[in-house]
Amino acid sequence: MLASELLGSKWLDEHEDIDITGIAYDSRNVLPGNIFVCIKGFETDGHKYAEMAVKNGASLIVAEDKIDVDVPVWYVENSRVEIAEMACKYYGNPSSKFKLIGITGTNGKTTITYLIKSIIETAGMRIGVIGTNQNIIGDKVLVTQSTTPTTPNALELQQLFAEMVDSDAECVVMEVSSHALELERVHGCHFDVGVFTNLTRDHLDFHKTMENYLNAKAKLFKISDKGVVNFDDDGGKKIVANNDCDILKVGLSDGCDLKAKNIEISSSGADFDVEYDGKTYRVHIVIPGKFSVYNAICAMGAALQMGIDMDTIIKGLENATGVVGRVEVVPTNTDYTVIIDYAHTPDGLENIIKTVKDFAKGEVITLFGCGGDRDNTKRPIMGEIAGKLSDYSIITSDNPRTEDPVSIIEQIEVGMKRTDGKYKVIVDRRDAIAYALDHAKKDDVIILAGKGQETYQIIGKEKHDFDERVVVYKHLNK
């Protein structure tokens, strides 16, 4: 592809046209003939690596700041926007070749993508999924997510979209994080349907205020033809009030276009009625919890906005299986139960504990921590929630990253001490899990909160193997 095709005809006003073999933003990945885009990141600045990119064969540099290299430089106001637009062009604008559904919100994004996948497949369409757990088309895993972002960077995203096109995807459903919207990762994409789940405290280390956080989420509805919004959420009400796209309001309260009621929760899932367009339907999903009902009606709303009939939607929800790391029961062959859940926010932790209390016959034991180098304001809040709702809590490490694990735990304890909750501190997560397993009694439920689908633990800047399922099995089989 020619430089003028990627950068526009203005390139020819100042430079001769040249062939471009690809796009890169990491100098280590540059191949001969590539464009290298200087991105300003959180830990480093791509401008520092322009010379290295040229040594590795870059024939053109895109930059925001003045640099001195021996190849042409194209200066732009925003490198993130530029790389997104170039990636769209380089891969042939792939997202225009299928129906695109985006899910944003603090909690529920992953589960909703899988519920929509089940509905779309029940409708006979081939669908791709991009999100926290994995990127898949049909049953084929394209890229397994580890510590990569919930929403891939713009270049990787367009590459994935191109793979989806090559795999004959008719629809793609993806998680769209607030970071992705704020950092232009989905710039150049147009969504057929955007979905908002909820807004609770998270990522304030990045957004600083809840207002900024909501504004980032709301950007999805400026680039969507239709929307689905949880109207019970205060943030959802603001999104509806400030957007002109065709929005379907879902929730449990009056004023919703699609309303759930008569909810019954058990260990085997959730059953509820849905009122829509003057009719009432009975729905079953295998994932228990009131929050699972919200996830289900968001998925139903997206499918309705896609034109899928209600009978197919209900059958698709019934066909849906559980999601790894979301209220996941670990087979232990014990007289107590172990559940793994990704809950890593105050709202998420409250939801999973309340859900388990609805069906637990014994005590609820909550094992949790908080991630390092992330929003520290939620730590005492999570401590207070666990202390109030759990019969017993074990405070331990999550992904401490470069923070002192003991310091993180002490901040959690501030909230815990506001309650009468019984708790124990065990810094090492493996030891903490062993303690929980050794002390659980008949009919107790142990919640391992925070890690979910993750199979690693980040200590310092190193990633260590840590799959909680394996940790549980090894300890029980000693």
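1. Is Cys 189 buried or exposed? Cys 189 counts as buried, since its relative accessibility is 4%, where buried means under 20% relative accessible area, exposed over 50% and partly exposed in between, with a 1.4 Å probe and protein chains only. Cys 370 is likewise buried, with a relative accessible area of 4%.

2. A word on the basis of these statements: this is a predicted model, in which local features need pLDDT of at least 70 and side-chain atom pairs count only at pLDDT 80 or more, while totals for chains, interfaces and linings use all residues. Residues are numbered from 1 along each chain as its sequence is written, and side-chain values use heavy atoms, with hydrogens and water left out.

3. On the cysteines, a search of the whole structure finds zero disulfides, a disulfide being a pair of cysteine sulfur atoms within 2.5 Å. Cys 189 is in no disulfide, and the nearest cysteine sulfur, which belongs to Cys 88, is 5.4 Å away.

4. As for the overall form, the protein chain has 17 helices and 23 strands; helices (H or I, at least four residues) and strands (E, at least two) are DSSP runs, numbered from the N terminus. The radius of gyration of the protein chain is 24 Å, which agrees with the value near 23 Å that a compact globule of 478 residues would have; this radius is taken over C-alpha atoms, and the globule rule is 2.2 Å times the number of residues to the power 0.38. Along the principal axes, the C-alpha atoms fill a box of roughly 75 × 55 × 40 Å. Buried residues make up 56% of the 478 residues. Among contacts (heavy atoms within 4.5 Å) between residues at least 6 apart in sequence, 63% join residues at least 24 apart.

5. Turning to the interior, the largest nonpolar core has 43 residues, and those with the most contacts inside it are Ile 101, Ile 116, Phe 272, Ile 297 and Met 300; such a core is a set of buried Ala, Val, Leu, Ile, Met, Phe, Trp, Tyr and Cys residues joined through side-chain atoms within 4.5 Å. Helix H11 (residues 290-305) supplies the largest share of this core, ten residues. Leaving aside neighbours within four places in sequence, Met 300 is in contact with Leu 258, Val 274, Val 283, Met 310, Ile 313 and Leu 317. A second, separate core of 28 residues includes Phe 161, Phe 196, Leu 220 and Cys 245.

6. One open sheet is formed by four strands in the order S1-S2-S3-S4, with parallel pairing, where two strands pair if DSSP finds at least two bridges between them. Its edge strands, each pairing on one side only, are S1 (22-24) and S4 (73-75). Strand S3 (residues 60-63) is joined to S4 by three bridges, and the partner of Ala 63 in S4 is Tyr 75. Helix H4 (residues 79-90) packs on the sheet, touching S1, S2 (34-37), S3 and S4, and its direction makes about 155° with that of S1; axes are lines fitted to C-alpha atoms, for helices over the stretch in contact, and angles run from 0 to 180 degrees between N-to-C directions.

7. Another open sheet has six strands in the order S16-S17-S21-S18-S19-S20, and its pairing is mixed. The edge strands here are S16 (328-330) and S20 (423-425), and the twist averages 20° from one strand to the next. Helix H13 (residues 346-359) packs on this sheet, touching S17 (337-341), S18 and S21, with its direction at about 160° to that of S18. Helix H15 (residues 405-416) lies across S18, S19 (392-395) and S20, running at about 160° to S19.

8. Within that sheet, strand S18 (residues 364-368) deserves a separate look. Five of the five residues of S18 are buried, so S18 is largely enclosed by the rest of the structure. Val 364, Thr 366 and Phe 368 point one way from S18, whereas Ile 365 and Leu 367 point the other way. Four bridges join S18 to S21 (residues 445-449), the two running parallel, and Leu 367 has Leu 448 as its bridge partner. S18 is also joined to S19 by four bridges, again parallel, and Ile 365 stands opposite Tyr 392.

9. Finally, Leu 476 lies in helix H17 (residues 468-476) and is partly exposed, with a relative accessible area of 30%. Not counting residues up to four places away in sequence, Leu 476 touches Thr 332, Thr 334, Tyr 336 and Leu 437.
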